[in-house]
There are 2 protein chains.
Amino acid sequence: MARIDLGQITRLSPATVTAITSDLLDQGLILSLESEEPKTPQARGRPRTLLKLNPDAAFIIGARLSVNNIDLSLVDFAGEVVRENRTKFDSAAADASSFPEILITAISNFLKEAGVQRGRVQEIGIAAQGVVETETGQVAWSPAFAGRKIPIVSPLQDAFGAQCYISNDTNMITEALHWSDPNRYSGTFAVIMLDYGVGMGLYLNNQLFSGASGTAAEFGHANHIPGGALCRCGKRGCLEAYLSDYALVRAATHLPEDTDPMTIRAGVRGLAQLLEKAASGDENALKAFHEAGRVLGYGVARVIAMIDPKRLVLTGAAMRAFSFMEKGMQDGLEEALVADLRNNFSLDVMPWNEDFIRSGLIAQSMERLDKDFLGAAERTAEDAPRRDNAEMPA
Amino acid sequence: MARIDLGQITRLSPATVTAITSDLLDQGLILSLESEEPKTPQARGRPRTLLKLNPDAAFIIGARLSVNNIDLSLVDFAGEVVRENRTKFDSAAADASSFPEILITAISNFLKEAGVQRGRVQEIGIAAQGVVETETGQVAWSPAFAGRKIPIVSPLQDAFGAQCYISNDTNMITEALHWSDPNRYSGTFAVIMLDYGVGMGLYLNNQLFSGASGTAAEFGHANHIPGGALCRCGKRGCLEAYLSDYALVRAATHLPEDTDPMTIRAGVRGLAQLLEKAASGDENALKAFHEAGRVLGYGVARVIAMIDPKRLVLTGAAMRAFSFMEKGMQDGLEEALVADLRNNFSLDVMPWNEDFIRSGLIAQSMERLDKDFLGAAERTAEDAPRRDNAEMPA
DNA sequence: GCTATTTTTTTTGGTGTCCGAAAAAAAGTT
DNA sequence: AACTTTTTTTCGGACACCAAAAAAAATAGC
């Protein structure tokens, strides 16, 4: 907060810190707290003048799209969540033509309530379940929508004139983990989320990896058993068809493997009921969890073989049942993967926390916001550039 | 070659190019070709003075370790291969205690023959089949060795005082592809090699990805069928157990799936025989290739789901049989992967070329050599550094 | 109350990298 | 021989950063 601390963190000299901070003060991006002394039991020496980010310098919006819900957060430049709300919509009727307008209206109303003008929003970050194409800025397919290929980024950019970015919800959890504990969650790690579906997030070489078109890490729809159980995506044998809530219910109630997932009443309640049964010793429930654990072990084995992460995090609502799956998972891992590859990695089981998705969205958007300002600063600096050198920014 | 061209390529001003090149000339890293005019039909204007890398500035060694063979290349600073040789050794007897000495002797003799002193070798790059731990610098397991955990990097570094780096051979093919055609092979792409085993190389976000411990992309030992065919690694159902040469021979000759791979005479000859049979219309051979193709399709599907590459390259000796596998592969891909994920990627089938591994090794080592010199230059520059700032190298 | 001490911040002068503009060099053209 | 063209070098300056010194603002001791 004080200049001297900034110097330590950035490893810049005090002289440079003074130069940079005075620039930022001029631009109004940071504020000096000379007036309100925080009455710290001051040691002697010249007191440090605290600096803080100017909360009003810019705003970002985070939007999480799930079945029937749009969850919005308004965050100021200092990273504080200023306002939140939840808007309901009808997932079963939402498609490429109707949803963009619904989302724009929801955000507009939200900003109006918050008393923030459109122009002050610099970044909009979106997280959605399902197959999200970050590159094209659309949702290829998601349980939250009836249609396919729902465009999100360009309608929002047109409507608000802000940078917009859409990503898979599990990617946002991955980003949130890195931000919450960079020491533990850095380098190369993977996050597997068992919830309404099965998702994976990859953090590779110190950055979030989302593949060439942005749909990377669709772990749930990687095949587990050729020609196996029917999956929500229409194919057979996907990992999700053995691991998700409907798959557990289907297995525990001895429904045939080709029972249409849409007809199975699963969801949070179905899973909770199954958990209760398992806790009270029900054979079918226990067996279903054990078998799902084994499948998970096989999935984890494939991730290790292909990605070789330092750490693997398991999370999602289904983690409440992990104790019933653990043994099965260990067995599956043992069966599927040669010992040479099974060393050198650690497994975290993380209790599920809804807020992770929001934190990740905010972290990601804040980072992009920083880049916006950095880019703007560079553009101001080069008044008459001889040429635009993309790499090597001096 | 001329300063003006360097300026265009690096996007530095002519003034800066002159400054830098005169430094490099002083250091002896580059040479000026003032004497031997290449008699280009000179346009008017001051003639360009050509510069070239000083071939004698440093040397690198590339070593490829395969079954019974050590293939060495000596490359000068200009990237020219100065000398090559092949040294035989007994893979069946090579283990952690014996092999390092064998390799050191082979390299020593090679250098002696070439008349290059040890001290002039700056980089040694090694490629090996199998599970290679880049981080620890050892081969965890490889068909080229009888034992496990063969240390390579530290013995070589001790013996030659040069930087040393070991990697999987498929990774080197991946690197070579990027170097040979950076336009086509950039960003995020995957290479699958079907040969003596099944390997994969990943190029993600414009860099070679080798995972946390360096064993990434062990595609061949990712599970395909739980409890399935016996693999060379000892587990059941690995992709390799359906796709590699021994697997093809095993399937075509109707041997049971748990036949020990070590007892199957496959290799180049076995594969060639099977190809002949298929070409002459043999049902069993055709069926074996078709089925292997299907398995490959499933494997490719898993890579697409998890990695989302822009491009996928198939190569390796077995590509001669691709025409017999193609239909099966398309079927497998169709069966395994939902259409939403199957778009947006292209498939290259690349005829196999042994030299790729060497080119990749050289490319990688040259790059590391550049970094060595860059680091050395920076260290010279900072005579009395106030602090060592790891990132932001000014 | 005054001086000394401590700590933070700012100022000053200097270094290194890069650039633009001008000058120099080395050819061909007329 | 004078002019044109192209490459290379030189020169002065902009910018980012730093070290050292100076200034500022507090406490501690007498």
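**Exercise 1. Work out how much area domain 2 and domain 3 of chain A bury between them, and what kind of contact they make.**

Solution.
Step 1: Start with the bounds. An automatic or database domain assignment puts domain 2 of chain A at 57-173 + 355-377 and domain 3 at 218-344. This is a predicted model, where local features need pLDDT of at least 70 and side-chain atom pairs count only at pLDDT 80 or more, while totals for chains, interfaces and linings use all residues. Residues are numbered from 1 along each chain as its sequence is written, chains are lettered from A in the order in which they are written, and side-chain values use heavy atoms, with hydrogens and water left out.

Step 2: Now the area. Buried area is the accessible area (1.4 Å probe) that two parts lose on being put together, summed over both. Domains 2 and 3 of chain A bury about 360 Å², with 65% of it on carbon and sulfur atoms.

Step 3: Count who touches whom. With contact meaning heavy atoms within 4.5 Å, six residues of domain 2 of chain A meet four residues of domain 3 of chain A. The C-alpha centres of these two domains are 31 Å apart.

Step 4: Look for salt bridges (a side-chain nitrogen of Lys or Arg within 4 Å of a carboxyl oxygen of Asp or Glu). Between domain 2 and domain 3 of chain A there are zero.

**Exercise 2. Describe the contact between chain A and chain B.**

Solution.
Step 1: Get the head count. Chain A brings 62 residues to the contact, and chain B brings 62 residues too.

Step 2: Add the area. Chains A and B bury about 4700 Å² between them, and carbon and sulfur atoms give 55% of that. On the chain A side, R11(A), M306(A) and D340(A) lose the most area to chain B, together 15% of what that side buries.

Step 3: Check the charged pairs. You'll find four salt bridges between chain A and chain B. Here's one to look up: K235(A) pairs with E334(B), and their closest N and O atoms are 3.3 Å apart.

**Exercise 3. Find which element gives the most residues to the side of chain A that touches chain B.**

Solution.
Step 1: Know your elements. Helices (H or I, at least four residues) and strands (E, at least two) are DSSP runs, numbered from the N terminus.

Step 2: List the candidates. Elements giving two or more residues to this side of chain A include β12 (198-204), α9 (283-307) and α10 (322-336).

Step 3: Pick the winner. That's α9(A), with six residues.
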